[in-house]
Amino acid sequence: MNQAGFASTARAVGARGLWRFLVSELKPKGPLLTAFNLISAPIIVAAAVILAIRFTKGLSSVTNLSQDVPWGLWIGFDVVTGVAFAGGAYVLTFLVYILRQERYHSIVRVTVLNGFLAYVFYAGALLFDLGRPWKVVNPIIGNSFGVSSVLFLVAWHFMLYMIAAFVEFSPAVAEWLGLRRARRALSALTLGAVIFGVTLSMLHQSGLGALYLMAKGKIHPLWYSEFIPLYFFVSSVFAGLSLVIFEGTISQRVFRNRISEDHRARHDDIVLGLSKICAGTMFAYVFLKVLDIVHGQKFGLLTTPMGQWYLVEMVAFVLVPLAVFTEAVRWRSQTLCKVGAALTLVGILLNRLNVTIIGFQWDIPVRYIPTVYEVVVTLGVVLAEIWVFRWVIYRMPVLSMPPTWAMDADAPPVAAPRAAA
Amino acid sequence: MNRRGFLKTLGLAGATLTLPRTGKAAETETGTAPYGVLVDTTRCAGCNSCTYACAEANGLPEPEDPEAVTRPTTDQWTAVRGFETSKGEVFVKRQCMHCLEPACASACLTTAMKKTDDGPVVWREDKCMGCRFCMVSCPFSGPKFEYSSANPRIRKCVLCADRLREGAPPACVENCPEEALTFGRRDDLLRIAHKRIANAPDRYVDHIYGEREVGGTSWLYLAGVPFEELGFPTDVGETSYPSLTASFLYSVPMVLTLGPALMLGMAKAARRDENGEAASAAAIPPAVEDEEVRS
Ligand code: SF4
Ligand code: SF4
């Protein structure tokens, strides 16, 4: 489309042209008064106001956090759940760049973009929760390395992973700006960034679970297990892929005119492949969960009210979607794939909230229930991410085909003609 | 000893550099045992003298109605609470336990929370970023957070670390009229406690809370009734809390080195396959694959 046009213009008029191009790109591209915009804009503004109050008056002015429940919705949902949902990026880059499953190639970019933004926004939400955010550099600059802390590990991995994900995505930025030489250099970094990113992801996905290992005695025994890190890691695979399926379904409709033919044609096939991986990992997950119940002799707990709740999570939102995915693959049914993905996402949400909020200090007299302010800020974070996501989709070759010069540079895998790029 | 063992388990030998070691403790007859306090709940009268002394020594607001405060707060680091038990009302003073291997310090990613050689677990304002992971991790709800401040601090008993350095006992111990609190090296305190139990087996249950709980704490408790009647958590176990995350942290360097190596190998193998099979394979997905594979 006009991608190539931008590119050549940018190159032709140099830095000033590039600047003007960037400014023009900042302007909205779609219609402004859509239902989504009308609903989301006020929420984002409200979230900003609430955060301003939070930073001047302290956390208690807008949250229900207490001495017994120091971490609430902003950690339990934004960080812990959000990062699990972002797991699709590392799984897909692993499939495409390590295992060379080329059929997933067309959705790698959008998934990495999603993952990168999820980390920026959701892991970034950690800053709202910090009591003393101006000290956040302490564990980074090296005067205070708490190396025995799981949170130290998770924080570092978040930062490094954001860099890795950005490097993975950066060729798209270079294509947008028409920077051919930069694109070549950045593309060469992809495999390294992927390997680094997958390693970091395995560690911090499980690390998020490991954060709760010392909360033994505070988390309901049905959700507390020495295997939480493993559960979090394994479930991040199908959580992330389910989000990819889900997000793909929406993108196919919302960004219809941005999606390349190639992408559209392969989408059904991709969804089936991902569903198959979901089913496989969910099966392993169920097996591991059952082991914990048997090994920890927790059968008796299943009849308690919390036990019933546990069964709701495990049956309705793990076993059922597992069955749905299995059937979906057998009948090659797109609808079933989507149903499976939606159920899985609910299940992951429930699981993460059960560990971090619902099952956390479940037996204290005054339970934590988030305030409406906490909910609004959370919604604001999610919506702001969608805004930025949409902004990028409308400008960079993410769902659409890269400009022809970029495709030419990639075409013959080994003998790329250097002169052309 | 314990701390060193713990760090070794983590395989983080480098971290020992950050732990200043003084020879002072090693020369006393009682070895390297940290300081601690023994609380004899059978002696406590619930007068709250300790609470007032604590406030004064640590610059906290003067307690208005300490009887009404049953758990430590940001402004009152120690609280005395009465329990109705099978042996009548028993008063229990509670505060941070100053664990030998503190969960809070191992959780702290800025080392703001720190176990000092002498025993006190202290908090350092210039380091803390207010993440409250220490609170999530502490088995005794030791650290409290100033939620209503824009410049919040973590507040908890610091075992009067400054006074200890000058050779004085903690303010609470000094001001207890009933001698319910005894200050000393932890192993001396354990000897005293065992002797008290042996001399009056009817007066005490045969258990010193803190001797083994969570790997041992610097505050030790004697009681005439089972500890669950006195509001102590009895499900915390005897392994140290930091060891709960040890195996996870131990696996990190392994994954960081083996992971990339494995993946590089896999990527190479996959590319070799591809080159062998179809030379047409390109960065843009090839269309041929479409029908056949559904692996
Ligand atoms: S009781 Fe809690 S705050 Fe005190 S040293 Fe132990 S872990 Fe830390
Ligand atoms: S709140 Fe402060 S003292 Fe507690 S773990 Fe975080 S940085 Fe450390």
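Q: Ala, Val, Leu, Ile, Met, Phe, Trp, Tyr, Cys and Pro count as nonpolar, Asp, Glu, Lys and Arg as charged, and the others, Gly among them, as polar. How does the shell around ligand 1 divide on that basis?
A: This is a predicted model, and in it the shell splits into 11 nonpolar, 2 polar and 1 charged residue. The closest of the 14 residues around ligand 1 are Cys96(B), Met97(B), Cys99(B), Cys104(B) and Cys138(B). Cys and Met are on the nonpolar list, so these five count as nonpolar.

Q: What makes one residue of the shell around ligand 2 charged?
A: The split there is 8 nonpolar, 2 polar and 1 charged. Arg132(B) is among the residues around ligand 2, and Arg counts as charged, so Arg132(B) is the charged one. Thr110(B) and Gly130(B) belong to that shell too, and neither Thr nor Gly is listed as nonpolar or charged, so they count as polar.

Q: Why does the largest nonpolar core lie between domain 1 and domain 2 of chain B?
A: Tyr212(A) and Leu274(A) touch the most other members of this 171-residue core. Helix H8 of chain A (residues 150–177) gives the most to it, with 13 residues. But domain 1 (3–12 + 248–294) and domain 2 (23–239) of chain B both give residues as well, so the core lies between them.

Q: What makes S2(B) and S3(B) a pair?
A: Two strands need at least two bridges, and S2(B) (residues 79–85) and S3(B) (residues 88–94) have 7, in the antiparallel sense, so they pair. They form a hairpin with 2 residues between them, and Thr85(B) stands opposite Gly88(B).

Conventions. Residues are numbered from 1 along each chain as its sequence is written. Chains are lettered from A and ligands numbered from 1 in the order in which they are written. This is a predicted model: local features need pLDDT of at least 70, side-chain atom pairs count only at pLDDT 80 or more; totals for chains, interfaces and linings use all residues. Side-chain values use heavy atoms; hydrogens and water are left out. A residue is near a molecule or strand if one of its heavy atoms lies within 4 Å of it. A nonpolar core is a set of buried Ala, Val, Leu, Ile, Met, Phe, Trp, Tyr and Cys residues joined through side-chain atoms within 4.5 Å. Buried means under 20% relative accessible area, exposed over 50%, partly exposed in between (1.4 Å probe, protein chains only). Helices (H or I, at least four residues) and strands (E, at least two) are DSSP runs, numbered from the N terminus. Domain bounds come from an automatic or database domain assignment.
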